[in-house]
Amino acid sequence: MTAYLVRRVGLMLLTLLGISIIIFVLLRLVPGNMVDILFDSAGMVDPAEKTRIAAELGLDKSIPEQYLVWISGLLHGDLGFSYVSEKSALREILPRIPVTARLALSAIAFAVLLGVPFGVISAVRQNSAIDYGLRVISLAGLSMPSFWLGLMVLMGFAALTGTLPVYTEAPKTTLDAVLLVAVPAMTVGFRSSALIMRLTRSAMLEVLRQDYVRTARAKGAGAGRVNFHHALRNALLPVITVIGLETAFLIGGLIVTETVFNIPGLARFLVESIRNRDYPIVQNLVMLTAFIVVMINFLVDLLYAALDPRVRLGA
Amino acid sequence: MNRIWQNAAALLMVAGGAMAQTPKSGGIMKIYQRDSPASASIHEEATFSNQVPFMGIFNNLVLFRQDMPVNTPETIAPELADSWAWSDDKKTLTFKLHPGVKWHDGKPFTSADVKCTIDLLQNKLADKFRKNPRRSWYANVEAVVPNGDLEVAFKLGRPQMSMLSMLASGYAPMYPCHVSTRDMRTNPIGTGPFKFVEFKQNEVIRLAKNPDYWRRGKPYLDGIDFPIITNRATAMLAFIAGKVDMTMPTEVTQAILRDIKTQAPKAICKMVPTNVHINLIVNREKPPFDNADLRRAMALTIDRKAFIDILFEGDADMGGALLPGPEGIWGMPKAMLTALPGYSPDIAASRAAARALMVKAGYGPDKHLAIKVSTRNIPTYRDPAVILLDQLKEIYVDATLDIVETSVWFGKIERKDYAVGLNLTGNAVDDPDQAFYENYGCGSERNVTAYCSPELQKAFDAQSVETDVAKRRQMVWAIDTQLQNDIARPVIVHQRAGTCWSPDVHGYTQMSNSSYNGFRFEDVWLDR
């Protein structure tokens with residue numbers, strides 16, 4: 001187990017190092033640099049002023065030099081400063097983490113609570129009206145683009161309640177606070193729940209046909225025990241992988257939802273920073289997302305072992 | 001007797017109406033903001049995304065009256081300067097400053113701050129702006145000379161009547177000497193009716209009432225919040241649902257206006273010219289466009305009415321380099337316009353002439369000219385570019401669209417790294433000096449077509465020193481005619497756009513010949 005952990009941590013560090021190099025180089029290969037964009041917002045270009053600003057921002061150094069400055073700062077906890085806001089990158093990023101984390105975790109919780117039980121029901125009642133109904137709904141969930149669904153939800157809310165669950169100020173009541181998270185979380189979680197439901201259903205169908213399930217039934221185990229204790233536990237392995245991937249995706253992939261619901265989270269901030277070529281923010285945000293993805297994958301692997309005794313981590 | 005009662009009732013109604021219009025103090029107004037501005041420093045930016053939220057923090061020496069929709073030299077009103085006077089030779093402009101004005105941090109405002117501001121704009125100080133897009137506005141200022149704390153004189157190289165108009169623009173706030181340019185970008189200090197509270201990128205910009213504002217009793221609002229809502233559909237829904245009191249100025253299109261009128265019928269909306277025009281840019285240094293006949297043919301094929309009908313549902317204007325009337329004060333009259341190449345209502349005749357020019361240049365039905373039309377990757381650029389492509393087909397030009405990301409657009413056209421493009425140009429002040437020198441001046445950074453006429457350059461200077469408005473107007477029309485005849489940068493259409501606000505909002509006037517001067521908000525109040 002210890003050897004496994006050491007190996008995994010080493011691999012994780014290598015992955016993060018690779019990502020850091022790729023993102024750093026890619027950002028600088030994309031046409032248009034920070035100085036161009038700064039001057040774009042001013043609508044003019046003065047080569048002398050551009051050169052001065054490039055030097056001020058350290059962009060006149062070679063790419064390897066710039067990389068070393070960034071990575072050594074990162075290792076010392078200095079994330080640099082936003083070229084746009086001129087505030088410390090940490091100060092810009094930190095307040096946005098809980099906003100996105102709350103939304104992503106609520107969305108995934110909604111998706112799991114909806115997707116797993118409905119997946120089981122759909123499998124157990126295969127080819128029944130319920131199964132067909134759930135499959136149609138899940139197909140709709142996978143097919144509807146989230147920006148469209150988000151706008152429909154907003155328009156429905158505005159028409160029915162005369163209010164709108166979009167962020168324009170800090171919520172004044174608990175209900176406002178809940179709505180501001182719950183509505184976008186359900187909108188984005190609907191797609192994930194559809195994916196989880198369909199995966200749970202197919203995994204369950206496969207497991208339900210196994211001999212040990214038939215044996216359990218023959219021994220007189222009740223339907224609930226067979227379906228949820230014996231079958232679901234084994235069917236969950238591929239589902240957990242997907243849940244892990246979906247969680248990781250949601251941390252960095254909520255761009256559309258954050259834009260439509262006007263949530264000041266990480267994903268929208270990342271897109272805005274890429275648009276502005278705000279290198280320190282983009283680099284650090286991508287590293288943060290990469291770290292979360294790597295950690296989630298690691299946790300999923302550990303969960304495999306907990307759920308399936310056949311998996312031996314040290315092997 | 002009945003007549004007496006009727007008159008009394010009418011008087012009461014008038015008095016009641018007047019009382020209803022008495023401004024009320026209090027309340028936080030919310031205006032949605034379309035994006036995060038690059039900084040809070042007005043002098044360093046060239047977009048009204050910066051100006052709408054931050055103009056209320058500052059004062060100018062003089063300012064266009066905020067209750068008049070059309071900015072003219074006659075609507076310039078005192079602000080930090082109580083009065084101003086021109087010397088006899090019109091080369092010195094002296095301002096008497098208002099006494100007792102304090103910056104938001106409590107330090108006194110003096111003539112030294114005026115000098116500092118102009119020195120900063122002329123790059124004369126050690127602490128420089130990161131960007132300085134309007135330095136050219138002050139090129140004619142030789143020195144700013146304080147005379148005691150409350151008087152300051154602008155010494156000009158030559159008479160320039162537009163100087164006062166430029167100083168009255170929202171782009172000319174006074175900055176404090178004692179605050180660094182970096183701080184002004186992140187935590188601005190002004191003398192204005194509102195104090196800066198916070199700017200959270202992608203979230204909100206917040207201003208609070210300046211309780212020590214030197215104009216007693218103002219502002220009426222306790223503060224203004226600008227929630228940043230980047231998705232226009234969400235923003236309009238937020239306005240309809242009453243989450244914000246006002247849309248971002250000029251963000252309402254004709255199609256959106258219809259939706260708002262249906263879903264929020266009590267909303268007050270105004271569609272006005274923005275003094276932004278869509279134009280065709282042709283790089284005259286790049287063959288085959290170094291051929292004047294080709295450039296003229298492209299101008300002749302433009303059907304401006306089609307642009308206006310398709311893009312603006314008929315609600316936009318044809319004009320030359322300057323905004324046409326009645327809102328624009330320098331634009332050419334319609335009769336002059338129709339005589340210009342490509343402005344005739346007889347499009348078929350114009351295109352026949354254009355095709356003849358193309359044949360003369362060696363192109364025709366069997367030999368089409370293949371070109372790329374570059375444009376910025378945002379709808380306001382892309383949509384007209386698509387129409388242009390279609391119209392170019394009429395004269396044997398097969399054009400494809402070259403979509404350029406915003407981040408590289410300005411760099412690309414300023415490097416002249418394009419052949420043909422579709423561009424948008426905005427004028428902050430409705431004054432020929434700004435439009436001519438900036439967009440058509442020899443060597444100007446924003447003259448992206450490399451058009452340069454030494455003869456017209458002299459004419460720019462001549463109109464600039466002319467103090468007789470009627471005479472100057474004739475000179476300006478002659479210059480504009482020449483620019484259009486030279487196909488310097490064919491203006492396709494002057495845009496119109498709208499702003500909507502809730503009926504609770506009072507005291508706001510939508511400016512109609514500039515999008516950059518009307519956001520002081522000190523007269524705005526909420527009735528609720």
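**Exercise 1. Contacts and compactness of chain B**

What share of the contacts in chain B with a separation of 6 or more comes from residues 24 or more positions apart? Determine this share for the predicted model, then describe the build of chain B.

*Solution.*
- Step 1. Residues 24 or more positions apart supply 70% of the contacts in chain B that have a separation of 6 or more.
- Step 2. The secondary structure of chain B consists of 16 helices and 17 strands. Chain B has a radius of gyration of 24 Å, close to the 24 Å expected from the globule rule for 528 residues, so chain B is as compact as a globular protein of that length.
- Step 3. Along the principal axes, the C-alpha atoms of chain B fill a box of roughly 75 × 60 × 55 Å.
- Step 4. Of the 528 residues in chain B, 52% are buried.

**Exercise 2. The side of chain A that touches chain B**

State how many residues each chain brings to the contact, and identify the element of chain A that gives the most.

*Solution.*
- Step 1. Chain A contributes 39 residues and chain B contributes 41 residues.
- Step 2. On the side of chain A that touches chain B, two or more residues come from each of α2 (34-42), α3 (47-56), α8 (146-161), α12 (255-260) and α13 (266-275) of chain A.
- Step 3. The most is given by α2(A), with 7 residues.
- Step 4. By class, this side of chain A comprises 18 nonpolar, 9 polar and 12 charged residues.

**Exercise 3. Packing of α1(A) with α14(A)**

Classify the relative direction of α1(A) and α14(A), and give the composition of their contact.

*Solution.*
- Step 1. The axes of α1 (residues 2-29) and α14 (residues 279-307) of chain A come within 10 Å and cross at roughly 155°.
- Step 2. Angles over 145 degrees count as roughly antiparallel; α1(A) and α14(A) are therefore roughly antiparallel to each other.
- Step 3. The crossing of α1(A) past α14(A) is right-handed.
- Step 4. Among the contact residues are A:Met12, A:Leu16 and A:Ile23 of α1(A), and A:Val286, A:Ala290 and A:Val294 of α14(A). The contact divides into 14 nonpolar, 3 polar and 1 charged residues.

**Exercise 4. Packing of α6(A) with α7(A)**

Carry out the corresponding analysis for α6(A) and α7(A).

*Solution.*
- Step 1. Helices α6 (residues 96-124) and α7 (residues 129-143) of chain A pack at about 135°, with their axes 8 Å apart.
- Step 2. The two helices, α6(A) and α7(A), are therefore oblique to each other.
- Step 3. Their crossing, that of α6(A) and α7(A), is left-handed.
- Step 4. From α6(A), A:Phe118, A:Ile121 and A:Ser122 meet A:Ile130, A:Asp131, A:Leu134 and A:Arg135 of α7(A). This contact of α6(A) with α7(A) holds 4 nonpolar, 1 polar and 2 charged residues.

Technical notes
Residues are numbered from 1 along each chain as its sequence is written. Chains are lettered from A and ligands numbered from 1 in the order in which they are written. This is a predicted model: local features need pLDDT of at least 70, side-chain atom pairs count only at pLDDT 80 or more; totals for chains, interfaces and linings use all residues. Two residues are in contact if their C-beta atoms, placed from the backbone, lie within 7 Å. Helices (H or I, at least four residues) and strands (E, at least two) are DSSP runs, numbered from the N terminus. Ala, Val, Leu, Ile, Met, Phe, Trp, Tyr, Cys and Pro count as nonpolar, Asp, Glu, Lys and Arg as charged, and the others, Gly among them, as polar. The radius of gyration is taken over C-alpha atoms; the globule rule is 2.2 Å times the number of residues to the power 0.38. A residue is buried if 20 or more other C-beta atoms lie within 10 Å of its own, exposed if 12 or fewer, and partly exposed in between; C-beta atoms are placed from the backbone. Axes are lines fitted to C-alpha atoms, for helices over the stretch in contact, and angles run from 0 to 180 degrees between N-to-C directions. Angles under 35 degrees count as roughly parallel, over 145 as roughly antiparallel, 65 to 115 as roughly perpendicular and the rest as oblique. A crossing is left-handed if the near helix is turned anticlockwise from the far one by less than a right angle, and right-handed if clockwise.
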